[in-house]
Amino acid sequence: MSQGIRRPHEAVDYEYLTRAYPPPPEYFEKAYLETPEEIEACQLARLKERALTAYSIPFHRKRWDAEGFDPRSLESLEDLWRAPFYTVDDIRKSIEEHPPLGDYQVARPEDARREPMRLYMSGGTTGNSRPTLYTQWDREVGAVLTARALYMQGIRPGDTVLNAWSYSTHNGAFSFDEALHRWLNCVILTTSTGTVTSSRRQIELALQYGAKAILTTGDYLLRLADVAQEMGVDPKNDLKLCALPNIGDRELLEATFGAPNYASYGFHEVQWVASECPARQGLHIFEDAFIVQVVHPETGERLPDGELGALVVTELYKTGSAQFRYNIMDLAYLMPRERCACGSWLRRMGPFSGRGDNMVKLRGVNVWPEALGEIVTLHERVSDDYFVRAIRSENHDEMIVAVTSSAPSSEFEGLRSELESLLKEKIGVRFEVEVHPLGALDALTEIHSSPKPKRFRDERGE
Ligand SMILES: [Zn+2]
């Protein structure tokens, strides 16, 4: 130690870290195969500790005191249900009242002398993004979790990987970078997005260095396939990608590149939560680092396994800030704890199925924009792209579903009325449909800049 400054290896006990949160491949040899009793004993011990840390943070203590929840009363995993949850609105309020970091962080920027830190923002494009201070410990464990997910996707030590995510204020590109560099022993080419390194250059680099994967959105990867073809390069036989850790159209990605694509789930504040195994029977939750619960998106009531609801996530590993029963309002369902064909007892969840806070009550019917999107994009003449708006018209709420199509514009009118009938039939209420040429919704969906494209805008208050 010099002048009180602690370097990464002094701030983090790496031997302890790799025992507590094993990186791949050793994770899959032991921790991944633990019995339900072992998994839950580890969770309970960590949960009790997390509750005490969280209680020392004003954001949590205020709410728990008001609701009468005593963190020392946690004696079983079941007891976690007694703690109140919070949503992104509470986080936004905390930031407003205590700018710029809110009162939900433990770490302060001045602590960086004792432990190196990074500051990232959720979503790079909107004004009200949420800051998170990550300690060195948080970065390392987060990178281990990401490395596990990438390993499950097929990336192996020694592989060369292009990282075409945007190196920006957002955590995404750096999480992958740190996972590949520090915990998977891969060679990373930091190409960043197509505006930094042109699509042609990305293809050239992937070919020259035999890249095994290109990390980016599924949509941009498919765009790269088009560019490759224009260059006379076959995306499957010349590029030879072995892994597709890209979120997008699974069937099209697999058909185009000839490698398997597995679903995974994570978000800004807690990093990687779950990843699908080759059995494809749900996403295994990394339960040494998370407890995931599902509640009704409107009432907050506990939902049984198998029912779609809002995810409430408690992380068990962070030191920079605590996320304890964070109702992230992403929709998915939990499966009962059963042994998977891959041998793991880790609980599984269904894939991300939209946003709970996007629900609109339309003439008495609960409508989720993503459910509308699922119906219209199944139509053979409609692309995978859509955007839904809720508007107020003559004292009525209305929803407009915009889609894109490669059909000639003379066919748009027929397609529009066909889709309106289809939605009426499936949901039971009337929707207005707009048909646009391909690419017309890109600015609204932010499909080229956001890992989770935007699908909805509520214009009723405007
Ligand atoms: Zn499995």
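**Helix and sheet packing: exercises**

In this predicted model, helix α13 (residues 412-427) lies across β16 and β17 and runs at about 140 degrees to β17.

**Exercise 1.** Describe the sheet that contains β16 and β17, and state which strands stand at its edges.

Solution.
1. The sheet is open and has 4 strands in the order β17-β16-β15-β18, with mixed pairing.
2. β17 (432-437) and β18 (456-458) each have a single partner strand, so they stand at the edges, and one side of each is left without a neighbour in the sheet.
3. Direction ignored, neighbouring strands of this sheet are turned by 20 degrees against each other on average.

**Exercise 2.** Determine in what sense β16 and β17 pair, and which residue of β17 is the bridge partner of I400.

Solution.
1. Strand β16 (residues 396-405) pairs with β17 in the parallel sense, over 6 bridges.
2. The bridge partner of I400 is E432 in β17.
3. Helix α12 (residues 369-377) also packs on the sheet: α12 touches β15 (386-393), β16 and β18, and its direction makes about 125 degrees with that of β15.

**Exercise 3.** Classify the crossing of α7 and α8, then list the residues that meet there.

Solution.
1. The axes of helix α7 (residues 136-152) and helix α8 (residues 172-183) come within 8 Å and cross at roughly 85 degrees.
2. Angles of 65 to 115 degrees count as roughly perpendicular.
3. α7 and α8 are therefore roughly perpendicular to each other.
4. From α7, the residues R139, G142, A143, V144, T146, A147 and L150 meet S175, F176, E178, A179, L180, R182 and W183 of α8.
5. Sorted by class, this contact has 8 nonpolar, 3 polar and 3 charged residues.

Terms used
Residues numbered from 1 in each chain as written. Predicted model: local features only at pLDDT ≥ 70, side-chain atom pairs only at ≥ 80, totals over all residues. Axes fitted to C-alpha atoms, helices over the stretch in contact; angles between N-to-C directions. Helix = DSSP H or I, 4+ residues; strand = E, 2+ residues; numbered from the N terminus. Parallel < 35°, antiparallel > 145°, perpendicular 65-115°, else oblique. Contact = placed C-beta atoms within 7 Å. Nonpolar A, V, L, I, M, F, W, Y, C, P; charged D, E, K, R; others polar. Pairing = 2+ DSSP bridges.
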